[in-house]
Amino acid sequence: RLSLVGSEMCIRDSFRIEGIVEGHVKTNGKIVIGESGSVKGKIDCTEADIAGEFSGEFNASNLLTLKSTAKISGDVVISKLAVEPGAEFNATCVMKSGVKELKNGQSKQEKTA
């Protein structure tokens, strides 16, 4: 069981949290917050699966998946969101645009499901 308070963790790979973390967590990989996991602070990642609790500022450049036991509050910026029935999502949410800039200055709309 992990308990970190007032710290900043920068990790290159994916990892799982099954404890209490207060602070800033940053990774280029995937973060999994298990059912017994709780994060309060800021998360920057590529992708995340949350089954536990999160409160604060959340940024994912790709997919955020909320399991049925998830409890989320705060500010969320993501590209894609998947929510299982039963999850609590009490947050402001901004979904990044699927528009990418091309080399010649034109825009191209990405197709998403």
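Select the whole protein chain and colour it by secondary structure: zero helices and 13 strands appear, where helices (H or I, at least four residues) and strands (E, at least two) are DSSP runs numbered from the N terminus. From the N terminus on, the elements read β-β-β-β-β-β-β-β-β-β-β-β-β. The model is predicted, with local features requiring pLDDT of at least 70 and side-chain atom pairs pLDDT 80 or more, while totals for chains, interfaces and linings use all residues. Residues are numbered from 1 along each chain as its sequence is written, and side-chain values use heavy atoms, with hydrogens and water left out.

Next, colour the chain by accessibility. Of the 113 residues in the protein chain, 33% are buried; buried means under 20% relative accessible area, exposed means over 50%, and partly exposed lies in between (1.4 Å probe, protein chains only).

**The parallel sheet**

Select strands 2, 4, 6, 8 and 10. These five strands form an open sheet in the order 2-4-6-8-10, with parallel pairing; two strands pair if DSSP finds at least two bridges between them. Which strands stand at the edges? Strand 2 (15–17) and strand 10 (80–83) do, and each has a single partner strand, so one side of each is left without a neighbour in the sheet. From one strand to the next, the twist averages 10°, with axes taken as lines fitted to C-alpha atoms (for helices over the stretch in contact) and angles running from 0 to 180 degrees between N-to-C directions.

Now step across the sheet from strand 2. Strand 2 and strand 4 run parallel and are joined by three bridges; select Arg16 to find its bridge partner, Val32, in strand 4. Strand 4 is in turn joined to strand 6 by four bridges, again in the parallel sense. Here Lys30 has Glu47 in strand 6 as its bridge partner. Three bridges then pair strand 6 with strand 8 (residues 63–66), also parallel, and Ala48 has Leu64 in strand 8 as its bridge partner.

**Charged pairs**

Keep Lys30 and Glu47 selected and display the side chains. How many salt bridges does a search of the whole structure find? It finds six, a salt bridge being a side-chain nitrogen of Lys or Arg within 4 Å of a carboxyl oxygen of Asp or Glu. Side chains of opposite charge can pair when their charged atoms come close.

The side chains of Glu47 and Lys30 form one salt bridge, at 4.0 Å from N to O. This pair links distant parts of the chain, with Glu47 in strand 6 (residues 47–50) and Lys30 in strand 4 (residues 30–33), 17 residues apart. Add Asp49 to the selection: its side chain meets that of Lys30 in a salt bridge of 3.0 Å, N to O. Lys30 in strand 4 and Asp49 in strand 6 are 19 residues apart, so this pair too links distant parts of the chain. Glu47 is partly exposed at 23% relative accessibility, as is Lys30 at 26%, whereas Asp49 is buried at 15%.

Move to Asp44 and Lys42. These residues form a salt bridge with the closest N and O atoms 4.0 Å apart. Asp44 is buried, with a relative accessible area of 17%, and Lys42 is partly exposed at 28%. Salt bridges that share partners join Lys30, Glu47 and Asp49 into one network.

**The aromatic pair**

Select Phe54 and Phe58. A search of the whole structure finds one aromatic pair, and these two residues form it in an edge-to-face arrangement, 5.5 Å centre to centre with 80° between the planes. Rings of Phe, Tyr and Trp (its six-membered ring) pair if their centres lie within 6.5 Å; planes under 30 degrees apart count as stacked, over 60 as edge-to-face and the rest as tilted. Are the two residues buried or exposed? Phe54 is buried at 2% relative accessible area, and Phe58 is buried at 1%.

**A nonpolar patch**

Finally, switch to a surface display and select Leu81, Val83 and Met95. Together they form a nonpolar patch on the surface with about 240 Å² of accessible area, computed by the Shrake-Rupley method with a 1.4 Å probe, where for residues only the protein chains shown count as cover. Patches are made of residues with over 30% relative accessible area and no salt bridge, like charges being joined within 9 Å and nonpolar side chains (Val, Leu, Ile, Met, Phe, Trp, Tyr) within 5 Å. Met95 lies in strand 11 (residues 88–95) and is partly exposed, with a relative accessible area of 46%.
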